[in-house]
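Dear colleague,

Please find below the structure that I am handing over to you, together with its sequence. My account of what was found in it follows directly after.

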Amino acid sequence: MKISVKLDYAAIGKLQQAAKDAAQAAMSQVEADLVSSQTMPFDTGDMQNNQTFVESTESGAVLVTGSPQARRLYYHPEYNFGQGKNPNAGGKWLEPYINGDKKGLVEEEFIKEFKGRSGV
């Protein structure tokens with residue numbers, strides 16, 4: 001028995017690009033939801049509005065907060081966060097997307113975007 005398999009490299013490339021673009025769009029949606037949920041500490045707005053961004057990677061996309069204080073604030077929810085500008089501000093602001101009620105948001109957005117971009 002002989003089996004011959006021919007791969008359509010152009011179609012594979014389009015699917016790979018659709019996956020990268022869908023990951024970028026999904027992470028952008030998480031970033032938008034994070035801002036609208038008003039859970040990130042907010043003094044001047046630089047950490048939330050300028051230092052938090054979606055960065056493309058070789059395999060997809062990641063949400064980055066590049067401000068120097070982000071790590072300290074994130075891992076210390078016991079701090080007394082001012083809530084004048086973001087009423088839900090506190091530490092571990094990504095926890096709802098990791099283990100909480102918004103856990104499926106990234107996957108749902110990725111699937112929706114991938115289907116739209118790939119036609120699958």
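Which helix gives the largest share of the lining of the largest pocket? Please keep in mind, as you look for it, that this is a predicted model. The element in question is helix 2, residues 46-49, which contributes 3 residues to that lining.

The pocket itself has a volume of about 160 Å³. In total, 13 residues line it, and those closest to its centre are Pro41, Phe42, Asp43, Met47 and Leu73. Sorted by class, the lining comprises 5 nonpolar, 6 polar and 2 charged residues.

Two of the residues just named, Met47 and Leu73, also belong to the largest nonpolar core. This core has 12 residues; besides Met47 and Leu73, they are Val30, Leu34, Met40, Ala70, Tyr74, Phe81, Ala89, Trp93, Tyr97 and Leu105. Helix 1 (9-37) and helix 3 (70-74) are the elements that each supply two or more of them. Helix 3 provides the largest share, with 3 residues. As general background, nonpolar side chains in soluble globular proteins tend to be buried together.

Tyrosine 97 may serve as an example of a core member and its surroundings. Leaving aside neighbours within four places in sequence, tyrosine 97 is in contact with Val30, Asp33, Leu34, Ser37, Lys102, Lys103 and Leu105. Among these, Val30, Leu34 and Leu105 are likewise members of the core.

I turn next to the strands. Strand 1 (residues 52-56) and strand 2 (residues 61-65) run antiparallel and are joined by 5 bridges. The connection between them is a hairpin that passes through 4 residues. Within the pair, threonine 52 stands opposite threonine 65, and glutamate 55 has valine 62 as its bridge partner.

Is valine 54, in strand 1, buried or exposed? Valine 54 counts as buried because its relative accessible area is 14%, and the limit for that class is under 20%. Not counting residues up to four places away in sequence, valine 54 touches Ala61, Val62 and Leu63, and also Gln24, Met27, Ser28 and Glu31. The C-alpha atoms of valine 54 and threonine 65 are separated by 8.8 Å, with the two residues 11 apart along the chain.

Two residues deserve a note on their backbone angles. Glutamine 38 is not a glycine, yet has a positive phi of about 55°. Glutamine 38 is found in the loop between helix 1 and helix 2, and counts as partly exposed because its relative accessible area of 30% falls between the limits of 20% and 50%. Lysine 92, likewise a residue other than glycine, has a positive phi near 50°. Its place is the loop between helix 3 and helix 4 (95-98), and lysine 92 is partly exposed at 36% relative accessibility.

Finally, serine 36 lies in helix 1. At 53% relative accessibility, serine 36 is classed as exposed, since that class begins over 50%. Although serine 36 and asparagine 86 are 50 residues apart along the chain, their C-alpha atoms are separated by 9.4 Å.

With kind regards

Note on methods. Residues are numbered from 1 along each chain as its sequence is written. This is a predicted model: local features need pLDDT of at least 70, side-chain atom pairs count only at pLDDT 80 or more; totals for chains, interfaces and linings use all residues. Side-chain values use heavy atoms; hydrogens and water are left out. A nonpolar core is a set of buried Ala, Val, Leu, Ile, Met, Phe, Trp, Tyr and Cys residues joined through side-chain atoms within 4.5 Å. Buried means under 20% relative accessible area, exposed over 50%, partly exposed in between (1.4 Å probe, protein chains only). Contact means heavy atoms within 4.5 Å. Two strands pair if DSSP finds at least two bridges between them. On a 1 Å grid over the protein atoms alone, a cavity is a set of points where a 1.4 Å probe fits but cannot get out, and a pocket is an open set with protein on both sides within 12 Å along at least five of seven lines; lining residues have an atom within 4 Å of a point. Grid points are joined across faces, edges and corners, and a volume is the space filled by probe spheres set on the points. Ala, Val, Leu, Ile, Met, Phe, Trp, Tyr, Cys and Pro count as nonpolar, Asp, Glu, Lys and Arg as charged, and the others, Gly among them, as polar.
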